[in-house]
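Subject: Structure for your review

Dear colleague,

Please find below the structure that I am handing over to you. I would be grateful if you would read the notes beneath it with the structure open beside them.

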2 protein chains.
Amino acid sequence: MKDTPFSRSLVHRELSALHIQDPGTASIRDIRRLTDSLEQRAGKPFVRMEMGIPGLSPPEVALQGEITALTEGVAASYPPIAGVPRLKTEISRFVRLFMDISVPAECCVPTVGSINGCYAAFMAAGRRDRDRAAVLFMDPGFPVHKQLARLIGLDQTSFDMYGFRGAKLEDKLRSMLDSRRVGLIVYSNPNNPAWICLNEQELAVVGRLADDYDVVVLEDLAYFGMDFRRDISVPGEAPFQPTVARYCDNYMLAISTSKAFSYAGQRIAMLAISANLFHRSFPDLGRFYDRTELGAALVYGTMYATTAGVTHSTQYGLLALLQAVNSGKLDFISPLHAYRDRAKRMKELFLANGFHLVYDRDLTEPIADGFYFTIAYPGMSGTELVSELLPYGISAISLATTGSERTEGLRACVSLVHPEHMELLAQRLALFHAHHPLP
Amino acid sequence: MKDTPFSRSLVHRELSALHIQDPGTASIRDIRRLTDSLEQRAGKPFVRMEMGIPGLSPPEVALQGEITALTEGVAASYPPIAGVPRLKTEISRFVRLFMDISVPAECCVPTVGSINGCYAAFMAAGRRDRDRAAVLFMDPGFPVHKQLARLIGLDQTSFDMYGFRGAKLEDKLRSMLDSRRVGLIVYSNPNNPAWICLNEQELAVVGRLADDYDVVVLEDLAYFGMDFRRDISVPGEAPFQPTVARYCDNYMLAISTSKAFSYAGQRIAMLAISANLFHRSFPDLGRFYDRTELGAALVYGTMYATTAGVTHSTQYGLLALLQAVNSGKLDFISPLHAYRDRAKRMKELFLANGFHLVYDRDLTEPIADGFYFTIAYPGMSGTELVSELLPYGISAISLATTGSERTEGLRACVSLVHPEHMELLAQRLALFHAHHPLP
């Protein structure tokens, strides 16, 4: 056995202690616990690529907005469940200025993190028609979205969209929708973990078919503005964030603040719903809700019962932030370039040591540098590779847990790999490569 | 038609405009919209008794705790889903010092308002056994709890406990549990809206039967410490908050901060679960969750998917507050006496004008003065009374919406009736009484 930064026996002991059978199929949370524990035992750091934790500072203007609201006493009174009216207006302005779409303030709702918005969206869209209780996931994707469907009791179907980009997408989607069992289509754009980005032509296909088949589209914008090949940072000016909302009437947009605004801790996100869908009545919702209009059921049914609204002061924090961003006083995109630069450097290091990218093309272009990338090593499955990297002090999750068909790979997140870790990563990858010579 | 502070024609117009068929069966939210609108049109205030909105200032120590945490940067990073470890420890200490029970920190979880804790509790307790998917409500109760059961798809059963106090409780409960279909018992103590308070003997019966029948008890402590007849304000000293937790192993306690700590705006509450129940495995949970231990399913299943944790800074706000309360530096009970004093004065005014209390006895004692009371007027049903009080500028909700069998009454909440409103209430009640002479 060759010497590694973390001894194989230590890794085995900790895996046993934490009851992790196979790191390759373990959850992100389990990998995190394992890595925490290994760092503590060995007294040295891991290069941590497992968690999609944002690593930048939150905007000062948002913090000041929260502090002012606290000082003014908002902690005493229940927040409006549908959101503070001024915040709703500012969200509506945000999607107009950065997405070039029109969503009335009433249909713009702050949620307790994007997951709460997605939960409410799954509940409403999955229950609006008892014969359309299936969710179609355009994979690979965020594993928690699949947990949502299971928790709510919805059926699931999926395909790996990497093989169906561009002109191939329409036929594939039709084949999945023809059964008329699907009530909801879900995807993330940019994609977690593959970082492929659906373009306007593909989104037009999704939107047109959603209207044709009367299916709701939930567009997860967890990485809003982070396809850095197009700079969307100027309010009201093209280019805009690509979105299906331009192409259909049946959309819900879940816009996270965690990465785009480095505001993950405060659990606030935005849900924007097409006015048409928001006000549409679905008799089958009456099985679970007092009201049958989708928007009312979603807000006064699900959101009331799961949270009764977003932390009052945090709504004012986001309000202050959006005012600054919408008026052009705060460029929220530039600080995020740090992620792009890390991805570029990390990919170079992996490629120089025998690894290759799994999802390497975005249609005809090379995959962009962003928050995630996907890598593999010749002769190893993704699950083996996750395990084999642990003694070298490098943690990641296997693509197998994301609905990907590319089981040879793993997902690397750049957010916790700060510039000062790059040299460590270079050394460890070189050692790994030396210990695993390629033919 | 006699002159009233708000003309009957105005009231009718606004009811039509808001599509409210009958104020007597309308939701609290609808009554609130109606009252807002009437106040605005007529340019004078209502005496608002419909909303259970706390009306006191939030504790400074909590606000400072939040502000410090924001300044230190917690907004950037995801909060632990199960709660900040120090907060969990302090919640455990709180239930020991004020309830005299022992719940390990691991089993003490902050939630996004008490409703999020109840949602997670209903999901876990209602799904742990496919043959026990019914919730037994000890009514009257909080209408939103019934919405929870419907939303999750659980069966419901209930009884009005006012007729089954003391020695009568055991037989009644047995008759409801004998079918073995009930998986969860839910009640609020003190009770919303009747303000009856189950005593230790009654709680012992509930607890013993819960263990005998293997049913989970969810004790809603929305009005923690607010039975002012027993002063629980000294940490670690009797008397303590009465609780079923002393009498069974199958409990979950939902402790709101909205009223007890005047912290409704920030959406944080505490869920304390018996260690035995938390760690118990229920195979039927595997239908919806990766893990079958109730605590893990509740936290890493439902809470992860509905919110992914409580606003990070707010967890530090509650931490600072609990540290002050647990160490005896902050008496959180005294400020709440304002509610008691208002209830006393308001009841006097109602009783002096022909009204009587509906739920008037708490076992052998008169009902205590607290956050709510219930009233009726001879010759009118509760729904008629709600409507008939509107022209007099007094708003409330009918008991019919709370699962009460006492359909003659309505619920009055004292929180928004400040001392300066008492004279107005006195005048309006006198006018109402003059217009509705009793035989």
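In this predicted model, B:Ala134 stands opposite B:Val182, a residue of strand 5 of chain B. The two strands concerned are strand 3 (residues 134-139) and strand 5 (residues 182-188) of chain B, which run parallel and are joined by 4 bridges. As background, the strands of a sheet pair through backbone hydrogen bonds, in either a parallel or an antiparallel manner.

Strands 3 and 5 belong to an open sheet of 7 strands in chain B, with the order 2-8-7-6-5-3-4 and mixed pairing. Strand 2 (108-111) and strand 4 (155-160) of chain B each have a single partner strand, so one side of each has no neighbour in the sheet; these two strands stand at the edges. From one strand to the next, the twist averages 20 degrees.

Two helices of chain B may be considered together with this sheet. Helix 7 (residues 169-177) of chain B lies across strand 3, strand 4 and strand 5 of chain B, and runs at about 160 degrees to strand 4 of chain B. Helix 10 (residues 294-306) of chain B packs on the sheet, where it touches strand 2, strand 7 (251-256) and strand 8 (269-273) of chain B. The direction of helix 10 makes about 20 degrees with that of strand 2 of chain B.

Helix 10 of chain B also meets a helix of the other chain, A. How do the axes of helix 6 of chain A and helix 10 of chain B cross, and what is the distance within which they come? The axes of helix 6 (residues 143-152) of chain A and helix 10 of chain B cross at roughly 105 degrees and come within 10 Å. The two helices are therefore roughly perpendicular. On the side of chain A, the residues are A:Val144, A:Gln147, A:Leu148 and A:Leu151; in chain B they meet B:Tyr300, B:Gly301, B:Thr302, B:Tyr304 and B:Ala305. The residues of this contact comprise 6 nonpolar, 3 polar and no charged.

Finally, I turn to the nonpolar core. In soluble globular proteins, nonpolar side chains tend to be buried together. The largest nonpolar core here has 328 residues, and A:Phe261 is one of those that touch the most other members. Leaving aside neighbours within four places in sequence, A:Phe261 is in contact with residues including A:Pro58, A:Phe94, A:Met270, A:Leu318 and A:Phe332.

Yours faithfully

Methods. Residues numbered from 1 in each chain as written. Chains lettered and ligands numbered in written order. Predicted model: local features only at pLDDT ≥ 70, side-chain atom pairs only at ≥ 80, totals over all residues. Heavy atoms only, no water. Core = buried A, V, L, I, M, F, W, Y, C linked by side-chain atoms within 4.5 Å. Buried < 20%, exposed > 50% of the residue type's maximum accessible area, 1.4 Å probe, protein only. Contact = heavy atoms within 4.5 Å. Pairing = 2+ DSSP bridges. Axes fitted to C-alpha atoms, helices over the stretch in contact; angles between N-to-C directions. Parallel < 35°, antiparallel > 145°, perpendicular 65-115°, else oblique. Nonpolar A, V, L, I, M, F, W, Y, C, P; charged D, E, K, R; others polar.
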